[in-house]
Amino acid sequence: VQLQASGGGLVQAGDSLRLSCAASGRTAGAYAMGWFRQAPGKEREFVASISWSGGSTVYADSAKGRFTISRDNAKNTVYLQMNSPKPEDTAVYYCAADTFPIRNAQRIKYWGKGTQVTVSS
């Protein structure tokens, strides 16, 4: 499974941004998918994950109420809608695929390359 994240960029605090992650490969649609992020000098941390059906989601406390994860299985794509981002959300965002629930950065089967998100105050 190959994962390609996109949609990062520079955004002002309070605006919105949507990240996308396209999965390819014969079994791409069979996995749960998730988002992690890593800020400079910090460990990679969990943000949100979604089951392969889209029926179950899990969020980090920092993401609850502001971020929404969703997926379009017809496109093998997962999204992270970031509303009201804050400067502390600045990080490289990575998408991941594995079995649900995805929460532990140490136990991920597939990683995509990251996309930089910078939130200015």
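**Disulfide, cores and strand pairing in a predicted model**

In the predicted model, Cys-21 and Cys-95 form a disulfide in which the sulfur atoms lie 2.1 Å apart. A disulfide is a covalent bond between the sulfur atoms of two cysteines. The structure holds one such link. The bond connects distant parts of the chain, since Cys-21 belongs to strand S3 (residues 16-24) and Cys-95 to strand S9, with the two positions 74 residues apart in numbering. The angle about the S-S bond is 55 degrees, and the link of Cys-21 and Cys-95 is right-handed. Both Cys-21 and Cys-95 are buried.

Nonpolar side chains were examined next. In soluble globular proteins, such side chains tend to be buried together. The largest nonpolar core of the model comprises 29 residues, and Trp-35, Leu-80 and Tyr-93 have the most contacts inside it. Strands S3 and S9 are among the elements that give two or more residues to this core, as are strand S4 (32-38), strand S5 (45-50) and strand S8 (77-83). When neighbours within four places in sequence are left aside, the contacts of Leu-80 include Leu-17, Leu-19, Val-47, Phe-67 and Ile-69, together with Trp-35 and Tyr-93. A second core, separate from the largest one, has nine residues, including Ala-32, Phe-36, Ala-96 and Ile-102.

The pairing of strands was then considered. Strands of a sheet pair through backbone hydrogen bonds, either parallel or antiparallel. Four strands form an open sheet with antiparallel pairing, in the order S1-S3-S8-S7. Strands S1 and S7 are the edges of this sheet, each pairing on one side only. On average, neighbouring strands of the sheet are turned by 15 degrees against each other, with direction ignored. Within the sheet, S7 and S8 are joined in the antiparallel sense over six bridges, and Arg-71 stands opposite Val-78 in S8.

Strand S11 (residues 115-120) has side chains that alternate between two faces. Thr-115, Val-117 and Val-119 point to one face and are buried, whereas Gln-116, Thr-118 and Ser-120 point to the other face and are not buried. Strand S11 pairs with strand S2 (residues 9-12) in the parallel sense, over four bridges, and Val-119 is the bridge partner of Val-11. Strand S11 also runs antiparallel to strand S9 (residues 91-98), to which three bridges join it. Here Val-117 of S11 is the bridge partner of Ala-91. Strand S9 thus carries a cysteine of the disulfide and gives two or more residues to the largest nonpolar core, as does S11.

Conventions
Residues numbered from 1 in each chain as written. Predicted model: local features only at pLDDT ≥ 70, side-chain atom pairs only at ≥ 80, totals over all residues. Heavy atoms only, no water. Buried < 20%, exposed > 50% of the residue type's maximum accessible area, 1.4 Å probe, protein only. Pairing = 2+ DSSP bridges. Disulfide = S-S within 2.5 Å. Core = buried A, V, L, I, M, F, W, Y, C linked by side-chain atoms within 4.5 Å. Contact = heavy atoms within 4.5 Å. Axes fitted to C-alpha atoms, helices over the stretch in contact; angles between N-to-C directions.
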